[in-house]
Amino acid sequence: MLIDADTGAVTTYRELSERADEVRSEVGCRGLAFLFADMTVRSVADFLALRAAGHAVALVDAALAPDLAAGLLERDRPDIVVASPDAEVSADYRPRLPGIWRRDDAGPA
């Protein structure tokens, strides 16, 4: 289980498993995912969900400058982007879940 140090909110293993199932059903398995992470329970839960779904996960600082983040996305073309739900993501990606986008075409082999 995860406990949020700021709020005391508890996330159970069952909730983590349900999140993994939800991610897998929406974005599929075995792709490259960029997780724009911060120090939150949500970032940990998303990381665990992506790994459980079989994705290779690149952790990227959520506070990265927008132009640098856009450059990473353009250069590396991950299959999946996970960020704050209000993040601006390239038009090449379609929203699948709040804060999760999937690329329209396949990324690099």
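Mentor: Ground rule before we start: a residue is buried under 20% relative accessible area, exposed over 50% and partly exposed in between, using a 1.4 Å probe and protein chains only. This is a predicted model, where local features need pLDDT of at least 70 and side-chain atom pairs count only at pLDDT 80 or more, while totals for chains, interfaces and linings use all residues. Residues are numbered from 1 along each chain as its sequence is written, and side-chain values use heavy atoms, with hydrogens and water left out.

Trainee: Okay, why is R30 called exposed?

Mentor: Its relative accessible area is 74%, and the cut-off is over 50%, so R30 qualifies. R30 is in the loop between α1 (13-27) and β3 (32-37); helices here are DSSP runs of H or I with at least four residues, strands are E runs of at least two, and both are numbered from the N terminus.

Trainee: What makes the phi of R30 worth flagging?

Mentor: Most residues other than glycine have a negative phi. R30 isn't a glycine, yet its phi is near 60°, a positive value. R77, in the loop between α3 (66-76) and β5, is another non-glycine with a positive phi, about 45°.

Trainee: And what makes R77 partly exposed?

Mentor: R77 has 27% relative accessibility, which falls between the two cut-offs, so partly exposed it is.

Trainee: How do you know that D79 has no salt bridge?

Mentor: A salt bridge needs a side-chain nitrogen of Lys or Arg within 4 Å of a carboxyl oxygen of Asp or Glu. For buried D79, the nearest side chain of opposite charge is R102, at 4.8 Å, so the test fails. The D79 side chain does reach the backbone nitrogen of L32 at 2.7 Å. D79 sits in the loop between α3 and β5.

Trainee: How do you know that β5 and β7 pair?

Mentor: Pairing takes at least two DSSP bridges. β5 (80-82) and β7 (100-103) have 3, so they pair, in the antiparallel sense. V81 is bridged to W101 of β7. β7 also runs antiparallel to β6 (93-97), over 4 bridges, with L97 partnered by I100. β6 and β7 form a hairpin with 2 residues between them, and G99 in that turn has a positive phi of about 85°.

Trainee: What span does helix α2 have against the expected one?

Mentor: The expected span is 1.5 Å times one less than the number of residues. α2 (41-52) has 12 residues, and its first-to-last C-alpha reach of 16 Å is close to the 16 Å expected. Among its buried residues are V41, D46 and L50. After α2 comes G54, with a positive phi near 95°.

Technical notes. Lys, Arg positive; Asp, Glu negative; His and termini not counted. Polar contact = N/O pair within 3.5 Å; in protein donor to acceptor, adjacent residues only side chain to side chain.
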